[in-house]
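Me: I'm new to reading protein models, and I'd like a close look at a single part. Could you walk me through the place where the domains meet?

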Amino acid sequence: MNKSELQQHDREHLLHPFTDFSDLGKQGTRVITNADGAYISDIDGHRMLDGMSGLWCCNLGYSRNEIADAVYEQLRTLPFYNSFFQCTTVPSIQLADALAEVTPAHMNNVFFTGSGSEANDTNLRLIRRYWDLKEQPEKRIVISRKNGYHGSTIAGASLGGMSGMHKQFQALDYIEHIQQPYWFGEGGDMSPEEFGIHAARCLDEKIQELGPEKVAAFIAEPIQGAGGVIIPPETYWPEVKKVLDQYDILLVMDEVIFGFGRTGEWFGADYYGMKPDLMTFAKAVTNGYFPLGGTMVGDRVAEVIKSRGGEFTHGYTYSAHPAACMAGLATINILRNENIIENVRDVTGPYLAKRWAELAEHPIVGEARSLGMVGALELVKDKGSRARFDDDCTAGGVCRDMSIKNGLVMRATGDTMIIAPPLIITTEQVDELVEKARRALDDTAKAMA
Ligand SMILES: Cc1ncc(COP(=O)(O)O)c(C=O)c1O
């Protein structure tokens, strides 16, 4: 099939995630055909620096045959066996061991799933099981944040605070949302430090309002990814820690985006010095080569659910799929053996921070922020008042298209442009990324004038 035939068949038979189908029908899809290193190419041969690591998952880029080989060999040896009914497989044991080693010291158990959304469903099941076994069944409510993203199943979308999603389904009624720590958008006249404290105190207020005896858990991404790379002010997580320490409430950190090195530490929890009870992961655990997710279970929860007896009536056919686990093991081996995360922390992360900050000088950029291997640009019409171009966030879509035209994949979340390049990006490629982003901004400024 040629390109237009492919697009025609795509239109007729494929329902894409998070897509306006009539819009897609008009524009046609971009057909991505191959990838190498930090680059992807489309069917026209247009090669782009992938500033989004696929969908925040190909942290090692696209050319790691070790991962493909590990999957292939496993598929030929034992392509599938489940971990129900007292069975197990060697890769699943090995990956559970490796995860216990690379995650925070108090996390020594894992429940495998097929995706991040499923892992957050698992978290809700674990939270309830834990409090039931502790004979505190009244602890039912889970607090989450507006504009957080925790997946697209009913549980994931209920936990998430995306208003557009909430309009299209009926959310679980035991989840409550509080303010996000988005200083640029919601900080008003407060300094970032003041606003960080304020946003954390919202958690305290909500707990008091609901009654601490009814609150089971608080869930949050260390940094909101899909919501627009919202890096909380430095005061936020320490204050959240203080609040949580006062009450007997579980902390779930959703590390689906930030796990496996994106901050320059193994996990966002390490970066912020937090001690979560549950930690969701997916995506980069297999470098995106094979679907796998899971939740790490901290010792305080694991001890209760393992020692108090009775069946935990939960699991998925593909929990601990052996080929997925081999992809995970190969990925962790590369991260460890090649000091990829240390390099982000010491070399490429600081370099990206320096170069990305230069974009703040651009006339349509209200803020340029970054941390480790993520960054965001706030597009504004007026820097002083932070006024956007329009209510429909047209500038973001224009800038994304201009960026692709200039050979860089950037994503638009409203009028916030975001990047999450592969961790293997070199300093020369960071220069390329920043120059292409600058050209996209120039083109956007002209188009929006
Ligand atoms: C923080 C976070 N949690 C959960 C998910 C859902 O993961 P999945 O798409 O694998 O279900 C995502 C996906 O982007 C995410 O960013």
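Reply: Happy to help; here is a tour of the contact between the domains and the core beside it.

First, a note on the model: it is predicted, so local features need pLDDT of at least 70 and side-chain atom pairs count only at pLDDT 80 or more, while totals for chains, interfaces and linings use all residues. Residues are numbered from 1 along each chain as its sequence is written, and side-chain values use heavy atoms, with hydrogens and water left out.

The chain is divided into domain 1 (31-63 + 341-448) and domain 2 (66-337), with bounds that come from an automatic or database domain assignment. Their C-alpha centres lie 26 Å apart. Domain 1 brings 35 residues to the contact and domain 2 brings 32 residues, where contact means heavy atoms within 4.5 Å.

How much area is buried between domain 1 and domain 2? The value is about 2,700 Å², and carbon and sulfur atoms give 60% of it. (Buried area is the accessible area, found with a 1.4 Å probe, that two parts lose on being put together, summed over both.) On the side of domain 1, Trp56, Ile341 and Leu371 supply 27% of the area buried against domain 2, more than any other three residues.

Now for the polar side of things. Between the domains there are 17 residue pairs in polar contact, both at pLDDT 80 or more. A polar contact is a pair of N or O atoms within 3.5 Å; within protein, one must be able to donate a hydrogen and the other to accept it, and residues adjacent in sequence count only if both atoms are side-chain atoms. Among the elements of domain 1 that give two or more residues to this side are helix 15 (340-357) and strand 11 (365-371). Strand 11 gives the most, with five residues. (Helices, H or I with at least four residues, and strands, E with at least two, are DSSP runs numbered from the N terminus.)

Finally, the core. The largest nonpolar core has 101 residues, and Trp356 and Met410 are among those with the most contacts inside it. Such a core is a set of buried Ala, Val, Leu, Ile, Met, Phe, Trp, Tyr and Cys residues joined through side-chain atoms within 4.5 Å; buried means under 20% relative accessible area, exposed over 50%, partly exposed in between (1.4 Å probe, protein chains only). Both domains give residues to this core, so it lies between them. Looking at Met410, you'll find that it touches Trp356, Met52 and Ile419, among others, not counting residues up to four places away in sequence.
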